[in-house]
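This briefing goes through one protein chain by topic. It begins with a helix and then turns to strands, loops and the chain as a whole.

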Amino acid sequence: MYPNRFEYFAPTSLQEALSLLSIYQDEAKLLAGGQSLLSLMKLRLANPKYLIDLGHIADLNYIRQNGDKIAIGAMTTYAQIKDSELLRKDCPLLVKTASVVGDVQVRNRGTIGGSLSHADPAADMPAAVLASGAELKAVHLNGERWIKAEEFFVTTFTTALAPNEILTEIRAPTLAGHKTIYLKAAPRPTDFAIVGIAACLRLGPNNRCEGIAMGVTGASDKAYRPQALEKALQGEKLDFYTIREAAARVTEGIEVNENIHASSGFRSHLAQVYTARAIQTAMNS
Ligand SMILES: Cc1cc2nc3c(=O)[nH]c(=O)nc-3n(C[C@H](O)[C@H](O)[C@H](O)COP(=O)(O)OP(=O)(O)OC[C@H]3O[C@@H](n4cnc5c(N)ncnc54)[C@H](O)[C@@H]3O)c2cc1C
């Protein structure tokens, strides 16, 4: 199916893109890798009159060290993240997560900024940025602001970005010395997660948990940090029973999704199993 007619813009600077966005506002859509937006347009579930392509703005695509953080431009693709030596060394959680998103074509075109801004409740990257403790830079014509990953995801397909803002950068702390993993339960390897669990641990002597941050995707209307679970494990010696008991709290206070892939009961169970497995796998990594 063909999308409705639209006018296409290919700005070459962020300023130009922001100006177009401020002129056309709700009638415009930003185009990143197009892996979600173009399907929605072809199905006519999204019908923007104006399409502002971010793909010609060179300074939105980079991965670089910035003090004790790694800065990633919003237009950086999954493939670039997966192949980044810098991220592999200092922020491997993002590399592990990018490696299991969709298939090769999706990873070659899809961008981290597009994924986070789209806020699909089953997308992989939101879980990883939550567990990494990343911050996201939103820019508008008159300035910019930083949004914590925990405050970025509002509900299904809705973020804290204002209509006149563009997500330009993701800044993640270096996680050297942490144990990290992203585990995803999906019908087929290239599918969206029924449940996806990102874990980032700092272990002391005797496997005592000196720090833990987790991100859960697929379970509810948005990716989230399971705070009750993190609290239960903080300072504890991590053994099979402690982990299993804490993992039971992964969906505490959450309304768990139900759809053709999984009932809410099965999804909750899967979230618990994958949480325990993620923590154990990270510990042994
Ligand atoms: C076959 C297939 C399989 C897939 N499998 C998976 C999977 O397993 N896991 C997974 O997580 N995802 C999967 N996806 C989705 C994929 O990850 C998309 O790449 C991602 O959802 C959107 O990124 P994009 O760069 O393509 O953004 P686009 O589709 O171009 O844009 C998505 C939305 O974000 C907005 N947007 C884009 N960039 C910005 C920005 N910088 N600032 C503000 N708003 C912006 C757009 O306006 C649009 O509304 C799959 C997609 C396909 C087609």
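In H8, the buried residues are Met125, Pro126, Ala127, Ala128, Val129, Leu130, Ala131 and Ser132. That is 8 of the 8 residues of H8, so the helix is largely enclosed by the rest of the structure. The model is predicted.

**Helix H8 and the loop after it**

- Glycine 133 follows H8 and has a positive phi, near 70°.
- Alanine 134 lies in the loop between helix H8 (125–132) and E6.
- Alanine 134 has a relative accessible area of 3%, and because the cut-off for buried is under 20%, alanine 134 counts as buried.
- Not counting residues up to four places away in sequence, alanine 134 touches Val129, Lys148, Ala149, Ile170, Arg171, Ala172 and Pro173.
- Among these contacts of alanine 134, Val129 belongs to the buried residues of H8.
- Ile170, Arg171, Ala172 and Pro173, also touched by alanine 134, fall within the residue range of strand E10 (166–173).
- Lysine 49 is 85 residues from alanine 134 in sequence, and their C-alpha atoms are 33 Å apart in space.

**Strand E10 and its partners**

- Strand E10 (residues 166–173) is mostly covered, with 6 of its 8 residues buried.
- Strand E5 (residues 69–73) pairs with E10 in the antiparallel sense, over 5 bridges.
- Within E10, glutamate 169 is the residue that stands opposite glycine 73.
- Strand E6 (residues 135–140) also runs antiparallel to E10, and 5 bridges join the two.
- Leucine 136 has isoleucine 170 of E10 as its bridge partner.
- Isoleucine 170 is thus named twice here: as the bridge partner of leucine 136 and as one of the residues that alanine 134 touches.
- In a regular strand, side chains alternate between the two faces of the sheet.

**Positive phi outside glycine**

- Which loop holds phenylalanine 157? Phenylalanine 157 sits between strand E8 (153–155) and strand E9 (158–159).
- The phi of phenylalanine 157 is positive, about 55°, although the residue is not a glycine.
- Phenylalanine 157 counts as partly exposed, because its relative accessibility is 48% and exposed requires over 50%.
- Asparagine 207 is another residue with a positive phi that is not a glycine, here about 60°.
- The loop that holds asparagine 207 runs between strand E12 (195–203) and strand E13 (209–217).
- With a relative accessible area of 34%, asparagine 207 is partly exposed.

**The chain as a whole**

- The secondary structure comes to 12 helices and 13 strands.
- A compact globule of 285 residues would have a radius of gyration near 19 Å, and the 19 Å of the protein chain agrees with this.
- Along the principal axes, the C-alpha atoms fill a box of roughly 60 × 45 × 30 Å.
- Of the 285 residues, 49% count as buried.
- Among contacts with a separation of 6 or more, residues 24 or more positions apart account for 61%.
- The protein chain exposes about 13,400 Å², of which carbon and sulfur atoms supply 49%.
- The chain has 30 positive and 29 negative charges, and the mean positions of the two sets are 4 Å apart.

Conventions
Residues numbered from 1 in each chain as written. Predicted model: local features only at pLDDT ≥ 70, side-chain atom pairs only at ≥ 80, totals over all residues. Heavy atoms only, no water. Helix = DSSP H or I, 4+ residues; strand = E, 2+ residues; numbered from the N terminus. Rg over C-alpha atoms; globule rule 2.2 N^0.38 Å. Buried < 20%, exposed > 50% of the residue type's maximum accessible area, 1.4 Å probe, protein only. Contact = heavy atoms within 4.5 Å. Areas by Shrake-Rupley, 256 points an atom, 1.4 Å probe, with all protein chains shown as cover. Lys, Arg positive; Asp, Glu negative; His and termini not counted. Charge placed at Lys NZ, Arg CZ, Asp CG, Glu CD. Pairing = 2+ DSSP bridges.
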